[in-house]
Amino acid sequence: MASKQQRQLAQEKDRKRRMAWWFKAKYGMFVHWGLYSHLARGEWTMEREAIPAAEYELLAKQFRPKPNPAREWVALAKKAGMKYVVLTAKHHEGYCLWDTATTDYCAPKQAAGRDLVAEYVETVRAAGLGVGIYFSLMDWHHPDGMKGLIDPAARKRFLDYTHSQVRELCSNYGKIDILWYDMPMPYKTWQGWESKKLNAMVRKLQPGIIINDRSHLPEDYSTPEQQIIAQDRAWECCMTINNNWGYVRNDESWKSPKLIVRNLALCARDGGNYMLNVGPLPDGTVPRKSADILCEVGDWLKRNGEAIFDTERNDVRHSEFAVFTRRGKTLYACCHSWPGSDWSIGGLKTKVKSVQILATGQKLKFVQTPLRLHVTGCPEQAPDGPVSVIKLECASVPHQRPVQEVRRLRQRAKVNVSFRDNKR
């Protein structure tokens with residue numbers, strides 16, 4: 001019988017195998033879409049406005065999406081350079097976008113009249129993108145959703161309902177690449193949700209699937225939300241493109257393409273992924289501004305994608321003007337603030353073989369000492385828009401000295417200069 005350590009090593013090896021494509025992907029699309037899209041006040045409207053379930057249910061009679069809106073999402077994701085998509089199959093409101101035997105509160109049995117998850121999965125898979133399913137454990141619509149805290153029979157009914165829905169999603173649509181749980185409330189432990197049993201079922205049905213950490217178990221990766229917080233394991237930052245996840249009519253707080261590119265670089269530098277959300281209108285149309293921003297980021301990635309995709313963690317990070325990413329022995333300085341014609345990287349330990357502007361291929365002159373890499377002859381103005389990338393080919397995996405070590409080297413250099421001056 002294998003020891004505990006051997007089992008852990010085998011599990012980690014299997015995890016790396018399953019997640020190899022995900023580590024390379026770096027950039028995904030989140031889609032928040034449901035009945036709340038009709039209200040245009042955000043995905044938490046039912047809860048925040050205390051709308052009774054019977055009243056909220058009436059939205060299901062209005063929800064009639066246009067034919068296969070997933071075609072538009074996928075086309076946009078491809079233009080944006082995204083490698084996978086995650087759709088809210090069921091958000092906290094409890095309305096199911098798929099054909100479920102567990103309730104009539106689902107798209108095929110209401111005004112939509114068809115299985116929207118089936119359309120989505122088929123379209124994303126045909127485009128060669130990773131297929132992700134979001135599933136909210138919390139359910140405001142189910143009568144036992146909260147009762148289970150005080151009534152064991154209600155808890156059992158609700159868990160049977162929840163596990164059955166997850167089973168359907170993992171059984172009826174072919175290969176699913178990502179299961180993205182959310183909001184494990186009201187139960188505050190994995191035991192409350194019977195998450196080990198649930199996820200064991202998922203892995204049996206979908207052996208290659210990747211599961212996030214929101215069922216009160218760490219599973220395959222962590223999911224910091226709205227903040228880039230690097231983790232010491234696989235992680236993905238999910239973030240809105242404006243202020244809300246679901247469609248909000250007057251939300252004009254758009255992130256700029258420059259900020260999105262910088263966020264991508266920050267995630268890539270620290271070994272994480274970046275999943276950026278769109279909130280379609282009730283008919284499934286992506287807001288024009290969202291599409292314009294994502295296409296601009298996609299144009300940048302066409303020229304500079306090698307600085308983001310298939311990159312690895314790196315420890316080069318001390319700079320006022322750039323975020324550094326790494327692919328093997330190659331270092332990329334993603335310059336969010338163009339440094340001008342003459343600039344340096346302090347404390348770069350690794351020998352640099354060549355320096356060039358990634359988008360244009362222009363070779364740059366440089367001199368390297370133990371203290372710094374000094375680059376000259378650059379354009380005065382940024383050569384490639386808001387974020388220009390400098391590519392540095394290195395002799396080995398690049399590393400940077402800690403700030404304290406650079407400071408000591410600088411002090412030593414000053415002492416040596418002063419000593420020579422005194423001798424003269």
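**Entry 1: the loop after strand 4**

I began with M183, which I found in the loop between strand 4 and helix 8. This is a predicted model, and I read every value below with that in mind. M183 has a positive phi of about 45 degrees, although it is not a glycine. I then looked up how open M183 is, and its relative accessible area of 24% makes it partly exposed, because the buried class ends under 20%.

P186 lies in that loop too, between strand 4 (178-182) and helix 8 (190-193). When I checked the peptide bond from M185 to P186, I found it to be cis, with omega near 15 degrees.

**Entry 2: N68 and T123**

I next turned to N68, another residue that is not a glycine and yet has a positive phi, here of about 35 degrees. N68 has its place in the loop between helix 4 (53-56) and helix 5 (70-80). Is N68 buried or exposed? I noted a relative accessibility of 14%, so N68 counts as buried.

From N68 I went on to T123, which lies in helix 6 (residues 116-126). T123 counts as buried, at 14% relative accessibility. I asked myself which residues T123 is in contact with, leaving aside its neighbours within four places in sequence. The answer was N68, A70, R71 and V74, and so I could tie T123 back to the loop residue with which this entry opened, because heavy atoms within 4.5 Å count as a contact.

**Entry 3: helix 10**

I looked up helix 10 (residues 257-269) and noted 13 residues, with a reach of 18 Å from its first C-alpha to its last, which is close to the 18 Å expected at 1.5 Å a residue. How many of the residues of helix 10 are buried? I found that 10 of the 13 are, so helix 10 is largely enclosed by the rest of the structure. The buried residues are P257, I260, V261, N263, L264, A265, L266, C267, A268 and R269.

I then asked what these buried residues pack against. My list holds strand 1 (27-31), strand 6 (236-239), strand 7 (273-278), helix 11 (288-304), strand 8 (322-327) and strand 9 (330-335). Just after helix 10, I noted that G271 takes a positive phi of about 80 degrees.

**Entry 4: the sheet that meets helix 10**

I followed strand 8 and strand 9 into their sheet, which is open and is formed by 4 strands in the order 8-9-14-11, with antiparallel pairing. The edge strands are strand 8 and strand 11 (352-357), each of which pairs on one side only. From one strand to the next, I noted a twist that averages 20 degrees.

Looking at one pairing in detail, I found that strand 8 and strand 9 run antiparallel to each other over 6 bridges, and that T325 stands opposite Y332 in strand 9. Helix 10 packs on this sheet, touching strand 8 and strand 9, and its direction makes about 50 degrees with that of strand 8.

**Entry 5: aromatic rings**

I looked up the ring pairs next and noted that the structure holds 18 aromatic pairs. One of them joins W22 and F23, which are edge-to-face at 5.5 Å centre to centre, with 80 degrees between the planes. W22 is buried, with a relative accessible area of 0%, whereas F23 counts as partly exposed at 30% relative accessibility.

F158 and Y161 form a pair that is stacked, at 6.5 Å centre to centre and with 20 degrees between the planes. Where do F158 and Y161 lie? I found both in helix 7 (residues 152-171), 3 residues apart, which is about one turn of the helix. F158 is buried, with a relative accessible area of 0%, and Y161 is buried as well, at 10%.

I also noted a cluster in which ring pairs link W33, F63, W73, Y95 and Y105.

**Entry 6: charges over rings**

Last, I looked for charged ends over rings. The charged end of K83 sits over the ring of F309, 4.5 Å from its centre. R155 lies over the face of Y187, at 5.8 Å from the ring centre.

Notes. Residues numbered from 1 in each chain as written. Predicted model: local features only at pLDDT ≥ 70, side-chain atom pairs only at ≥ 80, totals over all residues. Heavy atoms only, no water. Helix = DSSP H or I, 4+ residues; strand = E, 2+ residues; numbered from the N terminus. Expected span 1.5 Å × (residues − 1). Buried < 20%, exposed > 50% of the residue type's maximum accessible area, 1.4 Å probe, protein only. Pairing = 2+ DSSP bridges. Axes fitted to C-alpha atoms, helices over the stretch in contact; angles between N-to-C directions. Phe/Tyr/Trp six-rings, centres within 6.5 Å; stacked < 30°, edge-to-face > 60°. Lys NZ or Arg CZ within 6 Å of the ring centre and 35° of its normal.
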